[in-house]
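Subject: Structure handover

Dear colleague,

Here is the structure I said I would pass on. My notes follow it.

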Amino acid sequence: MGFVLRLLVNALALYLLTRVYGGVSFAPGADLLSVLIAALVMGIVNALVRPVLLLLSLPVNVLTLGLFTLVVNGVVLWLVAAATALNVAGFGAAVIGAVVLAVISWVLDATVRALGLEKDQ
């Protein structure tokens, strides 16, 4: 049940991102399945690719006091857009979209926990 809830929260966060920020959108004609597939791909990329990118960028991340993580998150969003019906206007839009997505996800996670739908891990 936790996996399905996490997938739905991520899908809702991606959908809200496309409504709040104009630099990220879904392709015309994209349906709920496209949003769910994008959320699933986002989860897979976050689990497999993002840790490798963070490890490879560790020296730059240390020099920038962690701010380079924003760039890595933008690369992750850009990779998801390349593999799904998600459209990103450019790399700058991907970085800004990743920041907005992080804020939206944080609010949704707090809401889910406040409602008691997911236990603290």
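Buried means under 20% relative accessible area. Gly 97 has a relative accessibility of 0%, so Gly 97 counts as buried. Please keep in mind throughout that this is a predicted model.

**Gly 97 and the α4/α5 crossing**

Gly 97 is part of helix α5. Leaving out residues up to four places away in sequence, Gly 97 touches Leu 17, Tyr 21, Val 24 and Leu 77. For one of these, Val 24, the C-alpha to C-alpha distance to Gly 97 is 6.5 Å, with the two positions 73 residues apart in sequence.

Helix α5 covers residues 91-114, and its axis comes within 8 Å of the axis of α4, crossing at roughly 105 degrees. Angles of 65 to 115 degrees count as roughly perpendicular, and α4 and α5 are therefore roughly perpendicular to each other. On the α4 side the contact is made by Leu 70, Val 71, Asn 73, Gly 74, Val 75, Leu 77 and Trp 78. On the α5 side it is made by Phe 91, Ala 94, Val 95, Gly 97, Ala 98, Val 99 and Leu 101.

**The α1/α2 crossing**

The axes of α1 and α2 also come within 8 Å, and they cross at roughly 110 degrees. This pair is therefore roughly perpendicular as well: α1 to α2, like α4 to α5. From α1, the residues in the contact are Phe 3, Leu 7, Leu 8, Asn 10, Ala 11, Leu 14 and Tyr 15. They meet Val 35, Leu 36, Ala 38, Ala 39, Leu 40 and Met 42 in α2.

Ala 11 sits in helix α1. With a relative accessible area of 5%, Ala 11 is buried. Residues up to four places away in sequence aside, Ala 11 touches Val 35, Leu 36 and Ala 39. Pro 59 is 48 residues from Ala 11 along the chain, and their C-alpha atoms are separated by 32 Å.

Ser 34 belongs to helix α2. Its relative accessibility is 18%, so Ser 34 counts as buried. Its contacts, again without residues up to four places away in sequence, are Phe 26 and Ala 85.

**Strand β1**

Ala 85 is also touched by Ser 25, which lies in strand β1, residues 24-26. The other residues that Ser 25 touches, not counting those up to four places away in sequence, are Thr 18, Leu 86 and Asn 87. Ser 25 and Leu 86 are 61 residues apart in sequence, while their C-alpha atoms are 5.9 Å apart in space. Ser 25 is partly exposed, at a relative accessible area of 29%.

**The salt bridge**

How many salt bridges does the count come to? The count comes to one salt bridge. Side chains of opposite charge can pair when their charged atoms come close. Here the side chains of Asp 109 and Arg 6 meet, at 2.9 Å from N to O. The pair links distant parts of the chain, as Asp 109 is in helix α5 and Arg 6 is in helix α1, 103 residues apart. Both ends are partly exposed: Asp 109 has a relative accessible area of 23%, and Arg 6 has a relative accessibility of 28%.

**The nonpolar surface patch**

A nonpolar patch of about 720 Å² is found on the surface. Its members are Phe 3, Val 4, Leu 8, Leu 40, Ile 44, Leu 48, Val 49 and Leu 79. Which helix supplies the largest share of the patch? That is α2, with four residues. Helices α1 (2-20) and α2 (32-56) each supply at least two residues. Among the members, Phe 3, Leu 8 and Leu 40 are listed in the α1/α2 contact too. Val 49, in helix α2, counts as partly exposed at 31% relative accessibility.

**Leu 65**

One backbone angle deserves a look. Most residues other than glycine have a negative phi. Leu 65 is not a glycine, yet its phi is positive, at about 55 degrees. Leu 65 lies in the loop between α3 (58-63) and α4 (68-83). Exposed means over 50% relative accessible area, and at 78% Leu 65 is exposed.

Regards

Terms used
Residues are numbered from 1 along each chain as its sequence is written. This is a predicted model: local features need pLDDT of at least 70, side-chain atom pairs count only at pLDDT 80 or more; totals for chains, interfaces and linings use all residues. Side-chain values use heavy atoms; hydrogens and water are left out. Patches are made of residues with over 30% relative accessible area and no salt bridge: like charges are joined within 9 Å, nonpolar side chains (Val, Leu, Ile, Met, Phe, Trp, Tyr) within 5 Å. Accessible areas come from the Shrake-Rupley method with a 1.4 Å probe; for residues, only the protein chains shown count as cover. A salt bridge is a side-chain nitrogen of Lys or Arg within 4 Å of a carboxyl oxygen of Asp or Glu. Buried means under 20% relative accessible area, exposed over 50%, partly exposed in between (1.4 Å probe, protein chains only). Axes are lines fitted to C-alpha atoms, for helices over the stretch in contact, and angles run from 0 to 180 degrees between N-to-C directions. Angles under 35 degrees count as roughly parallel, over 145 as roughly antiparallel, 65 to 115 as roughly perpendicular and the rest as oblique. Contact means heavy atoms within 4.5 Å.
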